[in-house]
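Me: I am new to this structure and would like to learn why things in it are called what they are called. Could you take me through it?

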Amino acid sequence: MLHQEPLLSKINKDRLPRHIAIIMDGNGRWAEEKGQERLYGHFHGVESVRDIVEGAAELGIQYLTLYAFSTENWDRPQQEVEGLMGLLVDTIHKEVPILNKNNIRLHVIGDMKMLPENAYRELQEALQMTEKNTGLNLIMALSYSSRWELVNAVKNIARDVKTGKVDPEGICADTLQNYLTTSEFPDPELMIRTSGEYRISNFLLYQLAYAELYFTNTRWPDFRKENLYEAILDFQSRERRFGKTGQQIQEETTLG
Ligand code: IPE
Ligand code: IPE
Ligand code: MG
């Protein structure tokens with residue numbers, strides 16, 4: 001059994017990741033292991049979302065991206081997709097007052113056109129109702145996939161080249177950044193995936209270039225604040241080199 005206090009007190013508040021991204025995986029298996037329908041797992045996954053959002057806000061994390069539904073997830077059985085969309089609408093509806101109370105601003109990345117009308121409307125409303133909040137930025141990746149995002153970016157750059165708005169010779173990493181759905185957010189520094197799968201599943205492929213990756217066997221519905229603290233502590237124990245040598249990094253740290 002983990003104890004929250006000691007773990008939390010070990011976290012160095014000066015070295016928190018600015019942006020944490022999470023692939024919330026394992027809801028279906030969690031439910032099946034309990035002899036329940038997959039939707040039961042998604043339902044309980046919402047409790048983890050609540051706990052982790054609260055934990056991230058308390059710590060002072062600035063950006064939290066949660067992968068909630070991928071482009072590929074539309075290919076799941078219709079009943080599951082409908083159940084998930086229903087859960088989405090319900091949850092947003094219930095959570096907006098709590099987001100406001102905690103000064104959390106909601107953002108969405110993904111192909112919103114794919115969402116059912118009521119989910120789309122509910123989301124737009126929630127975005128508007130939280131837009132003045134200045135605390136944690138909660139970014140929900142919904143109907144999102146990285147290849148969808150990159151293809152769109154390329155399309156839009158090509159359009160702007162055609163109209164003369166963009167000079168092809170001047171295209172650089174910053175240009176591409178501006179055309180991504182995440183253009184307003186810094187890259188994630190820590191990426192967590194739950195449920196014991198070791199893959200990225202089409203999530204923020206470009207933005208994760210230098211993220212520290214953390215994998216845990218814990219299924220998403222069991223993931224709580226203390227698991228988040230563990231991941232952050234692991235992150236803080238790593239040396240991020242960005243292509244340099246360890247010695248260079250240590251010298252930079254000593255020189256401040
Ligand atoms: C993650 O849990 C939630 C979504 C992808 C919507 P899964 O539904 O993928 O659960 P497993 O991986 O099948 O256990
Ligand atoms: C990734 O999980 C998408 C989300 C968590 C929303 P999946 O369960 O869809 O990924 P794969 O299919 O195991 O790679
Ligand atoms: Mg899964």
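Reply: Gladly! One definition to start: angles under 35 degrees count as roughly parallel, over 145 as roughly antiparallel, 65 to 115 as roughly perpendicular and the rest as oblique. Please keep in mind that this is a predicted model, where local features need pLDDT of at least 70, side-chain atom pairs count only at pLDDT 80 or more, and totals for chains, interfaces and linings use all residues. Residues are numbered from 1 along each chain as its sequence is written, chains are lettered from A and ligands numbered from 1 in the order in which they are written, and side-chain values use heavy atoms, with hydrogens and water left out.

Me: Why are H3 and H8 called oblique to each other?

Reply: The axes of H3 and helix H8 (residues 225-236) cross at roughly 50° and come within 9 Å. Axes here are lines fitted to C-alpha atoms, for helices over the stretch in contact, and angles run from 0 to 180 degrees between N-to-C directions. Helices themselves are DSSP runs (H or I, at least four residues), numbered from the N terminus. An angle of roughly 50° falls in none of the named ranges, so it belongs to the rest, and H3 and H8 are therefore oblique.

Me: Which residues of H3 and H8 meet?

Reply: From H3 there are Asp51, Ile52, Glu54, Gly55, Ala56, Glu58 and Leu59, and from H8 Lys225, Leu228, Tyr229 and Ile232. Contact means heavy atoms within 4.5 Å. By class, six of these residues are nonpolar, one is polar and four are charged. In this scheme Ala, Val, Leu, Ile, Met, Phe, Trp, Tyr, Cys and Pro count as nonpolar, Asp, Glu, Lys and Arg as charged, and the others, Gly among them, as polar.

Me: What makes H3 roughly parallel to H4?

Reply: Helix H3 (residues 38-59) and helix H4 (residues 78-101) have axes that cross at roughly 25° and come within 10 Å. That angle is under 35 degrees, so H3 counts as roughly parallel to H4. Their contact is made by residues including Leu39, Phe43 and Val46 of H3 and Leu84 and Leu87 of H4. By class, it has five nonpolar, four polar and four charged residues.

Me: And how do you know the relation of H4 to H5?

Reply: The axes of H4 and helix H5 (residues 117-129) cross at roughly 5° and come within 9 Å. H4 and H5 are therefore roughly parallel to each other. Among the residues in contact are Leu88, Val89 and Ile92 of H4 and Ala119, Leu123 and Ala126 of H5. The contact divides into eight nonpolar, three polar and one charged.

Me: What makes serine 201 a polar contact of ligand 2?

Reply: A polar contact is a pair of N or O atoms within 3.5 Å; within protein, one must be able to donate a hydrogen and the other to accept it, and residues adjacent in sequence count only if both atoms are side-chain atoms. An N or O atom in the side chain of serine 201 is 2.6 Å from an oxygen atom of ligand 2, so the pair fits the cut-off. For arginine 193, a polar side-chain atom lies 3.3 Å from an oxygen atom of ligand 2.

Me: Which distance does arginine 29 have to ligand 1?

Reply: A polar side-chain atom of arginine 29 lies 2.7 Å from an oxygen atom of ligand 1. Asparagine 27 uses a backbone N or O atom, 3.1 Å from an oxygen atom of ligand 1.

Note on methods. Helix = DSSP H or I, 4+ residues; strand = E, 2+ residues; numbered from the N terminus.
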